[in-house]
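Hello,

Here is the structure I promised to pass on. Please open it and keep it beside you while you read my notes.

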Amino acid sequence: MANGQALQIARAFLPEHPLGNRWDYYYSRAKLGSDPLYPGVSAALRGSRAPLLDLGCGLGLLAHTLHADGIALPYRGVDSDAGKIRRAARAAARAGLNEARFDTVDLSREVPEHRGSVVILDVLQFIPFPAQARAIDAMIAMLTPGARLVIRTGLDDGTGRARVTRVTDLFSRAVGWMNAMPRYYPNGDALRARLREAGLAVEFTPLFGKTPFNNWRIVAMKPE
């Protein structure tokens, strides 16, 4: 994302007091300026009008980037980290994202009800395998005709990038940014087969950008 656009979005995460904690501001600015995730998701969702559920939304950056890209969708973000949800709601209100909603949900235990498109970004690997399989089936069931399921995840393919991804996820847990340990990195072939068995058109695209991580964008669309 262009530096000016990233800075404008990040300003919504500044603390209310000049001496307050600026972690979310600096994190958002760096994330938006270096990670190809959000332009990749915007490209995947462009042209869809289906309501969007963002599973594991964190600070809700996707709501801001979609708005900046002119993609107007009813948006609901859920995450198991109540603190991030509070800060996400505050930043969205500051930015005037009046249609964005945020709720605290533990995705390892439940998946909220929804009909439309679904995104799950850098979260799938933190859900244990049995619950992950159930979550994928639940997300497929949410899709309406023409809606999209957009996943970004590391894949278990034995590459050096896969090892770097795992170490970084473990470090994120150790420093407290993530509130869960990585549990299961999907097998790409198995995930592709599961989505195709559900009758979805599937596309896998590497989304490494300039990062060392084994990140892939997976887009599955339900035919109209």
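What percentage of the residues of the protein count as buried? The answer is 51% of the 224 residues. Keep in mind that this is a predicted model.

**Overall fold**

The protein has eight helices and seven strands. Its radius of gyration is 17 Å, and the globule rule gives 17 Å for 224 residues, so the protein is as compact as a globular protein of that length. The C-alpha trace spans about 55 × 40 × 35 Å along its principal axes.

Next, look at the contacts. Take those in the protein with a separation of 6 or more. Of these, 71% come from residues 24 or more positions apart.

**Surface and charge**

About 10,800 Å² of the protein is exposed. Carbon and sulfur atoms supply 53% of that area. As for charge, there are 29 positive side chains and 21 negative ones. The centres of these two sets lie 4 Å apart.

**Helix H4**

Now find helix H4, residues 61-68. Is H4 largely enclosed or not, and why? Six of its eight residues are buried, so H4 is largely enclosed by the rest of the structure. Buried here means under 20% relative accessible area. Which residues of H4 are buried? They are Leu61, Leu62, Ala63, His64, Thr65 and Leu66.

Then step past the end of the helix. Gly70 follows H4. The phi of Gly70 is positive, near 75 degrees.

Best wishes

Key:
Residues numbered from 1 in each chain as written. Predicted model: local features only at pLDDT ≥ 70, side-chain atom pairs only at ≥ 80, totals over all residues. Heavy atoms only, no water. Helix = DSSP H or I, 4+ residues; strand = E, 2+ residues; numbered from the N terminus. Rg over C-alpha atoms; globule rule 2.2 N^0.38 Å. Buried < 20%, exposed > 50% of the residue type's maximum accessible area, 1.4 Å probe, protein only. Contact = heavy atoms within 4.5 Å. Areas by Shrake-Rupley, 256 points an atom, 1.4 Å probe, with all protein chains shown as cover. Lys, Arg positive; Asp, Glu negative; His and termini not counted. Charge placed at Lys NZ, Arg CZ, Asp CG, Glu CD.
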